[in-house]
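I opened my notebook to look up a few features of one protein model. I wanted to write down each result together with the rule behind it.

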Amino acid sequence: MWMRRLRRQPLVVQAIWTVLAVACLAALVTGRWYLAFVSVATIMLSLLPVLFQDRFGIRLPMRFLAWIVIFVFATIFLGEAFDFYNWLWWWDVVLHGSSAVALGLVGFLFVFMLFEGDRYAAPAWAVAFVSFCFALSVGAMWEVFEFAMDQIFGLNMQKSGLMDTMWDLIVDMIGAGIGAFAGFLHLKGIELGGLTGVLQEFIQKNRRFFRKFRR
């Protein structure tokens, strides 16, 4: 059953899992234990969305699932194991921005789910604002986590300290705004594909959580 489930995932997801498995085996053979650990950790984290769907009965759109796996792969495997954060100055910016956009979408879906898909239960701007605050709050909590890890374990997650933190928060704010604005457009009945298309696809796949939704 699990093998069939994994084979039904997008090709990009299967390709990433294959790369991680090969990297893990190669690391074990050559005694590179850190790389082996990171490879296994990345595989496990990228499998969480599949487990999440089974546990909560939520069906994720294929492109959203693919984005999660790509993000985990880029953050942990490429970012930490291969030091892309130091090689490419924009790597952290892209990851922070894309995660903030995704969190803005997740925040919108969560709030919209509370209203069971009733687009007239609350003003569109209010739902978008709550979505924006949700995404930005998660970004701020991540910065607190980085600070705590640096202070407690002597790591260097904040890189350049205050400047790194502030730029991360600025990028988070922009990304959260984009995700929340996509939700606002969706509530206004404006479907442009892309982000609004992901929202529409998620709602259609999980109609039991959006019983009052009307197109």
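My entries on confidence, cysteines, a surface patch and one helix follow.

I note at the start that this is a predicted model, in which local features need pLDDT of at least 70, side-chain atom pairs count only at pLDDT 80 or more, and totals for chains, interfaces and linings use all residues. Residues are numbered from 1 along each chain as its sequence is written, and side-chain values use heavy atoms, with hydrogens and water left out.

Confidence. I looked up pLDDT, the predictor's confidence in each residue from 0 to 100, and found that the protein averages 87, with 96% of the residues at 70 or above. Helices here are DSSP runs (H or I, at least four residues), numbered from the N terminus; the mean is lowest in helix H1 (residues 2–7), at 65, and highest in helix H2 (residues 11–30), at 92.

Cysteines. I searched for disulfides (a pair of cysteine sulfur atoms within 2.5 Å), and the count is zero. Is Cys-24 buried or exposed? Cys-24 is buried (under 20% relative accessible area, with exposed over 50% and partly exposed in between, 1.4 Å probe, protein chains only), because its value is 12%. Cys-133, at 29%, is partly exposed.

Tryptophan. I found Trp-167 in helix H8, and I call this residue exposed because its relative accessible area is 52%.

Helix H6. I checked the span of helix H6 (residues 91–114), expected at 1.5 Å times one less than its number of residues: its 24 residues should span 34 Å, and the end C-alpha atoms are 35 Å apart, which agrees. After H6 comes Glu-116, with a positive phi near 55°.

Definitions and conventions. Helix = DSSP H or I, 4+ residues; strand = E, 2+ residues; numbered from the N terminus.
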